[in-house]
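Here is a friendly walk through one protein model, with an eye on its cysteines, its sheet, its surface and its aromatic rings. Keep the viewer open as you read.

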Amino acid sequence: MYFFTLFPSKVYLYWLYYMENTNKKIKNDSFCPLDSRFTQQELPACKPILTPKWVISAFLLIGVVFIPIGVVSLFASRDVVEIVDRYEADCIPSNYSRKEVEFIQSSLDKTCHRTIRVSKHMKHPIYVYYQLDNFYQNHRRYVKSRSDQQLRDKDSKDKISTCEPEDSSNGSPIVPCGLIAWSLFNGTYSFSRNKQKLNVNKSEISWKSDRDHKFGKDVFPQNFQNGSLIGGGKLDISKPLSEQEDLIVWMRTAALPTFRKLYGRIEVDLNANDVIEVVLKNNYNTYSFNGKKKLVLSTTSWLGGKNDFLGIAYLTVGGLCFFLAIVFTLIYLVKPRQLGDPSYLSWNRNPGGH
């Protein structure tokens, strides 16, 4: 302290000398980029100036493009014919009205008869879906409870470390293992019109990439649903997993708690006012978690299934941009603002940007 008080200027000079030599050493030893216009980001660049005319033109262009796309998308969605029938409450006998879990876990017959009326002509193929609500397939532990290596390779049936708690039964590995396969949807549907059966085509309802690459052609179910607690549907032990398409569809987990999965296709047209008799097996337990079950019949358009969100989103964004273009135009005409001279901008005076 006494030293700094007597010789402040000398101490400062020594400190500057030390720092200058240290910085030179660090600069020489470090991996600095080459001193070029490219590495120093001094190349000529396009730096547009957002004048009122450019802003108004951009908003107007977005509005002109988005609004027609939204209208076309909305009409395409409205052309899709969709029938939704919720049945989990109606398919419980009256004497089990407050004991749904007891009924679904019993050995009683779960057959349920439903009647659906077609409101509008439905052109084939008509896709049959089952919809589950309040089922969280995206839960972290549920999603991780599977063995992709076991599903692909018959020699990897012992790879069950990620499948707990449904990894083995009676000391033998379960194929396919994990909670996802264990909770396989086991409801069934059959349809008839005018007492004539409508066949449901269940081939190619899964992704081809899943059948070819994720599920082995030589992997067969083993020890599946043999435990004391049965979670869902059973599998045909004589078919390889690549041909068990209900399982393949179910194993592609949904991101949201409300989801639909493809059950099959009806390959004939349904006319307006047709009455469809549905015989379903209400086997799947959604009552333990207050879930809902729905049967969905739907056609498709060039845009896919029924979904008004895309068209509404395009119309909203396009309409908002068109409105802003009009507002900015009125402001520009009523109260114009003089712009500055762009030649004074630094990048116009020096291409390097300095």
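Let us begin at a cysteine: Cys163 has a relative accessible area of 0%, so this residue is buried. Please keep in mind that the model is predicted.

**Disulfides**

Cys163 has a bonded partner, Cys177, and the S to S distance is 1.9 Å. Cys163 sits in the loop between helix H6 (148-152) and strand S4 (168-169), while Cys177 sits in the loop between strand S5 (172-173) and helix H7 (179-182), so the pair ties together parts that are 14 residues apart in sequence. Cys177 counts as buried too, because its relative accessibility is 2%.

How many disulfides does the structure hold? There are two. Besides the one just described, Cys91 and Cys112 form a disulfide with their sulfur atoms 2.0 Å apart. Its handedness can be read from the torsion about the S-S bond: the value for Cys91 and Cys112 is about -75 degrees, so this disulfide is left-handed. Cys91 belongs to the loop between strand S1 (82-86) and helix H4 (100-104), and Cys112 to strand S2 (residues 111-117), so the parts tied together here are 21 residues apart in sequence. Cys91 and Cys112 are both buried.

When the bonded cysteines are counted along the chain, the disulfides follow the pattern 1-2, 3-4. Another cysteine, Cys321, has a relative accessible area of 9% and is therefore buried.

**The sheet**

Strand S1 also takes part in an open sheet of five strands, ordered S1-S11-S3-S9-S8 with antiparallel pairing. S1 and strand S8 (200-201) are at the edges with a single partner strand each, so one side of each has no neighbour in the sheet. The partner of S1 is strand S11 (residues 292-298), and the two pair in the antiparallel sense over five bridges. Within this part of the sheet, Ile83 stands opposite Leu297 in S11.

**A nonpolar surface patch**

On the surface, Leu60, Val64, Phe322, Ile326, Leu330, Tyr332, Leu333 and Val334 form a nonpolar patch, and together they have about 750 Å² of accessible area. Which helices each supply at least two of its residues? They are helix H3 (52-78) and helix H10 (309-334). H10 gives the most, with six residues. Val334 lies in H10, and its relative accessible area of 70% means that it is exposed.

**Aromatic pairs**

A pair of aromatic rings is described by the distance of the centres and the angle of the planes. Across the whole structure, a search finds 16 aromatic pairs. Two of them are set out here.

| Pair | Centre distance | Plane angle | Geometry |
|---|---|---|---|
| Phe66 and Tyr314 | 5.1 Å | 65 degrees | edge-to-face |
| Tyr87 and Tyr189 | 6.1 Å | 85 degrees | edge-to-face |

The pair of Phe66 and Tyr314 links distant parts of the chain: Phe66 is in helix H3 and Tyr314 in helix H10, 248 residues apart. Phe66 counts as partly exposed at 26% relative accessibility, and Tyr314 counts as partly exposed at 25%.

The pair of Tyr87 and Tyr189 also links distant parts of the chain, with Tyr87 in the loop between S1 and H4 and Tyr189 in strand S6 (residues 188-193), 102 residues apart. Are these two rings on buried or exposed residues? Tyr87 is buried at 1% relative accessibility, and Tyr189 is buried with a relative accessible area of 7%.

Finally, ring pairs link Tyr130, Phe135, Tyr142, Phe185, Trp250, Phe259, Tyr284 and Phe289 into a cluster.

Notes. Residues are numbered from 1 along each chain as its sequence is written. This is a predicted model: local features need pLDDT of at least 70, side-chain atom pairs count only at pLDDT 80 or more; totals for chains, interfaces and linings use all residues. Side-chain values use heavy atoms; hydrogens and water are left out. A disulfide is a pair of cysteine sulfur atoms within 2.5 Å. Helices (H or I, at least four residues) and strands (E, at least two) are DSSP runs, numbered from the N terminus. Buried means under 20% relative accessible area, exposed over 50%, partly exposed in between (1.4 Å probe, protein chains only). Two strands pair if DSSP finds at least two bridges between them. Patches are made of residues with over 30% relative accessible area and no salt bridge: like charges are joined within 9 Å, nonpolar side chains (Val, Leu, Ile, Met, Phe, Trp, Tyr) within 5 Å. Accessible areas come from the Shrake-Rupley method with a 1.4 Å probe; for residues, only the protein chains shown count as cover. A salt bridge is a side-chain nitrogen of Lys or Arg within 4 Å of a carboxyl oxygen of Asp or Glu. Rings of Phe, Tyr and Trp (its six-membered ring) pair if their centres lie within 6.5 Å; planes under 30 degrees apart count as stacked, over 60 as edge-to-face and the rest as tilted.
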